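Me: Give me a close look at the loop residues with an unusual backbone here. I'd like to know where they sit and how covered they are.

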Amino acid sequence: MYTLGYLGPQGTFSHTAALHYAGRHGYTPVCCSSLDAVMQKLASQKLTCGIVPVENSLGGSVGETLDLLTRAEGIWVTAEFLLPVKQHLLARPGVVLADISKVYSHPQALAQCRSFLKQQLPNTPVVETVSTASAALMVAGAEAATAAVGSQSAAVTYGLQILYADIQDKADNTTRFWVLGREKPSFSGKAKTSLVLALQDSPGALCRILSPLAQRGINLTRIESRPSGSKLGEYIFFIDFEGHSNNREVCDAVRELRENTFWLKMLGCYPVATGDGDMPSRWEPVQPVGLPGLRKEIDKIDDNILRLLTRRQELVEQVAAFKSKDMVVDSSREEEILCRVKEMACQSGIDPDIVEGIYRQIFIGAVRRQVDLLASCGN
Ligand SMILES: O=C(O)C(=O)C[C@]1(C(=O)O)C=C[C@@H](O)C=C1
């Protein structure tokens, strides 16, 4: 079994990223208690690979991931993965904004929602937690009226309601993940190389990092400094640039960087993410061998279909909150969906009537689920 470790518990954005990545590549996601545990299990061969958050477009770098990778031995970045992130304010059913005495969440999620928290909950204490999901878990079990900042799947997992949706400061909030493995990947196509280095403290030192890349026309996509941890004022730099580490120009640039720096560690060379992390719309090409190989690939696709159906059901459950018992069926919405998917089916060479049949069954299931949910809430 090929396994992919992620920072749990269920309902974290790392969990969402792991589900998407695992689905595409045929891995089984494995929940780990910390980022350190992901790396330790990977190093000791208890996992095939791991997926860890590196940076967010609003909150910046995930320092813990960078620090752990700086120290890790025999672990490489093998891929990057972009996940669009939507944050919501979650609370137990019945709780209103005015009741909330504390807000829990991971520091990154809190950073992503700074404007909302400042405007809507200016005097409410904020408590940092190890993950967005553990914040949701705490809120679900708390006596007092509290709230968590987290994902829709955390709301569903822990029985919370979404008080405010999409509270992140920017709509196009995205988290970049690194997939880690014990072996360097071999691939063709657009590549990115990542490394970390320490500078000798001397005039023009930073310039000596940038010029070997600039002189060769290599595009620097990220440069980030972190305290070295040994002395105040000493920093290490994380650098990402375009190009494959076995490309001549890149090799020469890295050699020159090594000469100009005190210490340099390659983190990995991996394919550039295409930015379609939200949905597995582009399936990996497969070269199955014989009947067993073909059936294995079909099994993988069935896993993906079920994951997507689960996700769809979670959303349908959320929709129930906006409905009363007598308005569960929305025929015009069903027709709109059918029209779109049948059109897509035609374009893909699939019989649209078969797709319609599948969707009609999905709607029956969705309506049944909403009716049950509304009955259990007494609506
Ligand atoms: O969009 C809604 O109102 C839903 O409840 C979701 C959904 C669906 O499964 O897509 C389910 C039942 C409705 O008849 C229409 C659509």
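**Loops with an odd backbone**

Reply: Gln45 is exposed, with 8 other C-beta atoms within 10 Å of its own (20 or more would be buried, 12 or fewer is exposed, in between is partly exposed; C-beta atoms are placed from the backbone). This is a predicted model, so local features need pLDDT of at least 70 and side-chain atom pairs count only at pLDDT 80 or more, while totals for chains, interfaces and linings use all residues. Numbering starts from 1 along each chain, as its sequence is written.

Back to Gln45: its phi is positive, about 65°, although Gln45 is not a glycine. To find Gln45, follow the chain out of α2 (35–43) and into the loop that leads to β3 (49–56); helices (H or I, at least four residues) and strands (E, at least two) are DSSP runs, numbered from the N terminus.

Asp166 is another non-glycine residue with a positive phi, here about 50°. Asp166 belongs to the loop between β10 (161–164) and β11 (174–181). Asp166 counts as partly exposed, with 13 other C-beta atoms within 10 Å.

Then there's a peptide bond to check: Gly8 and Pro9 are joined by a cis one, with omega about 0°. Pro9 lies in the loop that runs between β1 (3–7) and α1 (13–25).

Why pick these out? Because most residues other than glycine have a negative phi, and most peptide bonds are trans. When you click through the model, then, look for the positive phi at Gln45, the positive phi at Asp166 and the cis bond between Gly8 and Pro9.
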